[in-house]
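Dear colleague,

Please find below the structure that I am handing over to you. An account of what was found in it follows directly after.

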Amino acid sequence: MNLGVCKLKLRCPGSHSLKDKRRIVKSITARIQKKYNISVAEVDDQDLWQLATLGIACVSNHRQHADETLARVISFITENYPELEVVECETEVLPAL
C-alpha cells in the first residue's frame, strides 16, 4: 500500500475577501473529491485572502498509480482554474508500514 500526498499552494489574485477565497476553495475541493475520490482540504493560509494551501492525499496499491493520480489532480486544477497561480507544489509517495 502506498500513500500519495501533495501540498499545493495557490495564489487567488481575483479574490478580494476571505469569502471569495472560501468559495473558490470549496469549489475546487468538491470537484476534486467527486472526480478522483481522494481526500483534499485547505491545510494552511486560512486567514489570507489571496493564498490557499491545499493538502491532497490518495491511497493506492501501486506507487506509480498514486503518483499519476496526484499529477492528474494538479493538471485538473491548472486546466480548470486558469485564474489561479500555482506558487508551490510538493508531492511525495510514501510506502505504508
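Strand β1 and strand β4 (residues 85-95) run antiparallel and are joined by 10 bridges. Within this pairing, leucine 3 has leucine 94 of β4 as its bridge partner. Please note that the model is a predicted one.

Strand β1, which spans residues 2-11, is also joined to strand β3 (residues 51-60), again by 10 bridges and in an antiparallel arrangement. Here valine 5 stands opposite alanine 57 of β3. As a general point, side chains in a regular strand alternate between the two faces of the sheet.

These strands belong to a protein chain with 2 helices and 4 strands in total. Their order along the sequence gives the pattern β-α-β-β-α-β.

The overall dimensions may be helpful next. For a compact globule of 97 residues, a radius of gyration near 13 Å would be expected, and the protein chain agrees with this, having 13 Å. Taken along the principal axes, the box filled by the C-alpha atoms is roughly 40 × 25 × 20 Å. Of the 97 residues, 37% are buried. The protein chain exposes about 6000 Å², and 51% of that area is supplied by carbon and sulfur atoms. Where contacts link residues at least 6 apart in sequence, 73% of them join residues at least 24 apart.

Turning to the helices, which aromatic rings pair in this structure? There is 1 aromatic pair. It consists of tyrosine 36 and phenylalanine 76, whose ring centres are 5.9 Å apart and whose planes stand at 80°, so the pair is edge-to-face. Because tyrosine 36 lies in helix α1 (residues 18-36) and phenylalanine 76 in helix α2 (residues 63-80), the pair ties together parts that are 40 residues apart in sequence. Tyrosine 36 is buried, its relative accessible area being 18%, where the cut-off for burial is under 20%. Phenylalanine 76 also counts as buried, at 10% relative accessibility.

Helix α2 also holds valine 73. Is valine 73 buried or exposed? Its relative accessibility is 0%, so valine 73 counts as buried. Leaving out residues up to four places away in sequence, valine 73 touches Ile32, Tyr36, Ile38 and Ile56. One of these, Tyr36, is the tyrosine of the aromatic pair described above. Between valine 73 and serine 60, the separation is 13 residues in sequence and 15 Å in space, from C-alpha to C-alpha.

The last residue to bring to your attention is aspartate 45, located in the loop between β2 (39-44) and β3. With a relative accessibility of 9%, aspartate 45 counts as buried. Which residues does aspartate 45 contact, aside from its neighbours within four places in sequence? They are Lys9, Lys21, Leu51 and Thr53. With lysine 9, the side chain of aspartate 45 forms a polar contact of 3.4 Å.

When you open the model, I would suggest beginning with the pairing of β1 with β4 and of β1 with β3. The aromatic pair of tyrosine 36 and phenylalanine 76 and the surroundings of aspartate 45 could then be viewed in turn.

With kind regards

Terms used: Residues are numbered from 1 along each chain as its sequence is written. This is a predicted model: local features need pLDDT of at least 70, side-chain atom pairs count only at pLDDT 80 or more; totals for chains, interfaces and linings use all residues. Side-chain values use heavy atoms; hydrogens and water are left out. Rings of Phe, Tyr and Trp (its six-membered ring) pair if their centres lie within 6.5 Å; planes under 30 degrees apart count as stacked, over 60 as edge-to-face and the rest as tilted. Buried means under 20% relative accessible area, exposed over 50%, partly exposed in between (1.4 Å probe, protein chains only). Two strands pair if DSSP finds at least two bridges between them. The radius of gyration is taken over C-alpha atoms; the globule rule is 2.2 Å times the number of residues to the power 0.38. Contact means heavy atoms within 4.5 Å. Accessible areas come from the Shrake-Rupley method with a 1.4 Å probe; for residues, only the protein chains shown count as cover. A polar contact is a pair of N or O atoms within 3.5 Å; within protein, one must be able to donate a hydrogen and the other to accept it, and residues adjacent in sequence count only if both atoms are side-chain atoms.
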